[in-house]
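Student: Please give me a close look at how the pieces of this fold sit against each other, and at a few of the residues tucked in between. I'm new to this, so spell out the terms as you go.

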Amino acid sequence: MRAQAGMSAVFPKLVLFDLDGTLLDSAPDMVATVNRMRAARGQGPMALEALRPHVSKGSRAMSAAAFPQLGGEVPGEMIREFLDIYEQVLGRHSVLFDGVAELLDAIEAAGSRWGIVTNKPEYLARQVLPGLGWETRCAILIGGDTLAERKPHPLPLLHAAAELGAAIDDCVYVGDDRRDIDAARAAGMRSVVALWGYRPDGDQPAEWGGDVMVETSRDLLGGIPTC
């Protein structure tokens, strides 16, 4: 269901977010990364809009999109190269999506907490927080390599809730990728589909089974709809 203006809503005790494509528009950092890789191989730059739909799928998907001649078979050394370069440019070009800063303020003002559950490697995700002033505000950060499983497995969401002593019914997960919604559903947690995020052509978020779909983060400033 899409949130409607004036809809009565409150924030649950814990709001968990995906990072790239949900809180942070990191696509500019990602395209800077792949373009350094392309330049090293004598190839011209890739357009930002051509890479943007692949960002939420991770480093392998972005590398595959940047080098279609690989036919989707991205060697491990290329993934390591991607991560090494990305660490060097991390935060230089990325910005918060519109309304995210206000949404986090509203969650805190309501006495609720928020955290991040991402498939980005934890060491990279942690480096994002200080530049945004989030290192003391984010209640928990779970990366893609923090635990034995990653999204769409429910373990990261279940672990985040357990670590913070929050009942699943008192949590909601906000994400822009089908894996986010699959993980939330498997965890028994309410979910919000962030339609402002990164999606390839042909994706049908209405079919993901999310509890709520919203066009922008500002649609959540009054709280998280309960239906």
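Tutor: First, the naming: helices (H or I, at least four residues) and strands (E, at least two) are DSSP runs, numbered from the N terminus. What you see is a predicted model, where local features need pLDDT of at least 70 and side-chain atom pairs count only at pLDDT 80 or more, while totals for chains, interfaces and linings use all residues. Residues are numbered from 1 along each chain as its sequence is written, and side-chain values use heavy atoms, with hydrogens and water left out.

Let's start with helix packing. Two packed helices are described by the angle between their axes and the distance between the axes. An axis here is a line fitted to C-alpha atoms, for helices over the stretch in contact, and angles run from 0 to 180 degrees between N-to-C directions.

Take helix 1 (residues 27-40) and helix 3 (residues 59-66): their axes come within 10 Å and cross at roughly 50°. That makes the two oblique to each other, since under 35 degrees counts as roughly parallel, over 145 as roughly antiparallel, 65 to 115 as roughly perpendicular and the rest as oblique. On the helix 1 side the touching residues are Met30, Val34, Met37 and Arg38, and on the helix 3 side they are Met62, Ser63 and Ala66; contact means heavy atoms within 4.5 Å. Sorted by class, this contact has 5 nonpolar, 1 polar and 1 charged residue. For the classes, Ala, Val, Leu, Ile, Met, Phe, Trp, Tyr, Cys and Pro count as nonpolar, Asp, Glu, Lys and Arg as charged, and the others, Gly among them, as polar.

Now follow helix 3 to its other partner here. Helix 3 and helix 4 (residues 76-89) pack at about 100°, their axes 10 Å apart, which means they are roughly perpendicular. Helix 3 brings Ser59, Arg60, Met62 and Ser63 to this contact, and helix 4 brings Met78, Ile79, Phe82 and Leu83. The split is 5 nonpolar, 2 polar and 1 charged. Notice that Met62 and Ser63 are listed for the contact with helix 1 and again for the one with helix 4.

Helix 4 also packs on helix 6 (residues 122-132), at an angle of about 10° and with the axes 11 Å apart, so this pair is roughly parallel. Leu83, Tyr86 and Glu87 of helix 4 meet Tyr123, Leu124 and Gln127 of helix 6. That contact divides into 4 nonpolar, 1 polar and 1 charged residue.

Next, some single residues. Back in helix 1 you'll find Asn35. Its relative accessible area is 17%, so Asn35 is buried; buried means under 20%, exposed over 50%, partly exposed in between (1.4 Å probe, protein chains only). Leaving out residues up to four places away in sequence, Asn35 touches Pro45 and Met46.

Ser94 sits in the loop between helix 4 and strand 3 (95-96) and is buried at 16%. Which residues does Ser94 contact, apart from its neighbours within four places in sequence? They are Leu24, Asp25, Ser26 and Asp29. Asp29 is 65 residues away along the chain, yet the two C-alpha atoms are separated by 5.9 Å. The side chains of Ser94 and Asp29 also make a polar contact at 3.2 Å. That term means a pair of N or O atoms within 3.5 Å; within protein, one must be able to donate a hydrogen and the other to accept it, and residues adjacent in sequence count only if both atoms are side-chain atoms.

Move on to strand 4 (113-117), home of Ile116, which is buried at 0% relative accessibility. Beyond its sequence neighbours, Ile116 touches several residues, including Phe17, Leu129, Trp134 and Cys138. Just past the strand, Thr118 lies in the loop leading to helix 6, and Thr118 is buried at 3%. Its contacts outside its own stretch of sequence include Asp18, Ala125, Gly143 and Lys151.

Lys151 has a surprise of its own: a cis peptide bond joins Lys151 and Pro152, with omega about 15°. Most peptide bonds are trans. Pro152 is in the loop between strand 5 (141-142) and helix 7 (155-163). Pro154 lies in that loop too, buried at 15%, and its contacts beyond four places in sequence are Ala183, Ala186 and Ala187.
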